[in-house]
Each structure stands twice: as C-alpha cells, then as structure tokens.
Amino acid sequence: LLPLFASACCAGQVILNVAFTGAGCAGFNKYLGPLRPIFISVLIISTYSSFIMRGNQVKKYILTTAVSWSFALLPEMLHRFNLK
C-alpha cells in the first residue's frame, strides 16, 4: 500500500477513470499530495532496509522493488507521457 500512497493515489485515479469513463478527479491529491514526500521517504527507507536484511538474496526482490517504485513514481511518469 505504501507505493500507492506515495503516488498520492494516482493509480487509483487512473483505475477510476478507466472503470467509469470520464469520472474526472476524485480529489485524492488534495489530501494525500501534501503527505507524498513522507510516503516517498518511508518507501526509500523500507526499500533500503529490505535490501540490507536480504543480504545475498537481493535478486529475488528486484521485481518487487521495480513494481513498488513504478507505482510510487506514477505521477511523474504520467506527467512526462502527457508532455509528448
């Protein structure tokens, strides 16, 4: 759940817009947007600590980390996509 909160529920907004065509803004960013830096910081710390605790089994968790960070950075990826 942390990556979804870190994205300020951008993924949830996309799902709402796909499910209910033209649903518009659900207002998640109004409440979760100001907390986003905290969620990103906690995600950085938890990712780092999980890699430290895993030791030599890091390769198994690369995909999970990539998916987590993809969700967390979804607003930036959507913004870049929309600039094209």
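The legends below accompany close-up views of a predicted model.

**Figure 1. Overall make-up of the predicted protein, with six helices and zero strands.** From the N terminus on, the elements run α-α-α-α-α-α, and of the 84 residues of the protein, 21% count as buried. The pLDDT of the protein averages 75, and 65% of the residues score at least 70. Confidence is lowest in helix α1 (residues 2-6), where the mean is 61, and highest in α4, where the mean is 86, a contrast to keep in mind when the views that follow are read.

**Figure 2. Helix α4 and its buried side.** The 19 residues of α4 should span 27 Å at 1.5 Å a residue, and because the end C-alpha atoms of this helix are 27 Å apart, the expected and modelled spans agree. Within α4, the residues R36, F39, I40, L43 and T47 are buried. These five residues cover an arc of only 100 degrees around the axis, which puts them on the same side of α4. Just after α4, the residue G55 takes a positive phi of about 65 degrees.

**Figure 3. The other side of helix α4 and a nonpolar surface patch.** On the side of α4 away from its buried residues, P37, I38, I45, Y48, I52 and M53 are exposed. One of these exposed residues, I38, has its place in helix α4, which comprises residues 36-54, and I38 also joins L35 and V42 in a nonpolar patch on the surface. Together, the three residues of the patch have about 240 Å² of accessible area.

**Figure 4. The salt bridge between R36 and E76.** A search of the whole structure finds one salt bridge, in which the side chains of R36 and E76 meet at 2.8 Å, N to O. This pair links distant parts of the chain, since R36 lies in helix α4 and E76 lies in helix α6 (residues 74-83), 40 residues apart. Side chains of opposite charge can pair when their charged atoms come close. The two partners differ in their exposure: R36 counts as buried because its relative accessibility is 15%, under the cut-off of 20%, whereas E76, with a relative accessible area of 39%, is partly exposed because this value falls between the cut-offs of 20% and 50%.

**Figure 5. The buried face of helix α5.** Helix α5 comprises residues 62-72, and its buried residues are T65, S68 and A72. Seen down the axis of α5, these buried residues fall within an arc of 65 degrees, so they line one face of the helix.

Key: Residues are numbered from 1 along each chain as its sequence is written. This is a predicted model: local features need pLDDT of at least 70, side-chain atom pairs count only at pLDDT 80 or more; totals for chains, interfaces and linings use all residues. Side-chain values use heavy atoms; hydrogens and water are left out. Patches are made of residues with over 30% relative accessible area and no salt bridge: like charges are joined within 9 Å, nonpolar side chains (Val, Leu, Ile, Met, Phe, Trp, Tyr) within 5 Å. Accessible areas come from the Shrake-Rupley method with a 1.4 Å probe; for residues, only the protein chains shown count as cover. A salt bridge is a side-chain nitrogen of Lys or Arg within 4 Å of a carboxyl oxygen of Asp or Glu. Helices (H or I, at least four residues) and strands (E, at least two) are DSSP runs, numbered from the N terminus. pLDDT is the predictor's confidence in each residue, from 0 to 100. The expected span of a helix is 1.5 Å times one less than its number of residues. Buried means under 20% relative accessible area, exposed over 50%, partly exposed in between (1.4 Å probe, protein chains only). The arc is that of the directions from the helix axis to the C-beta atoms.
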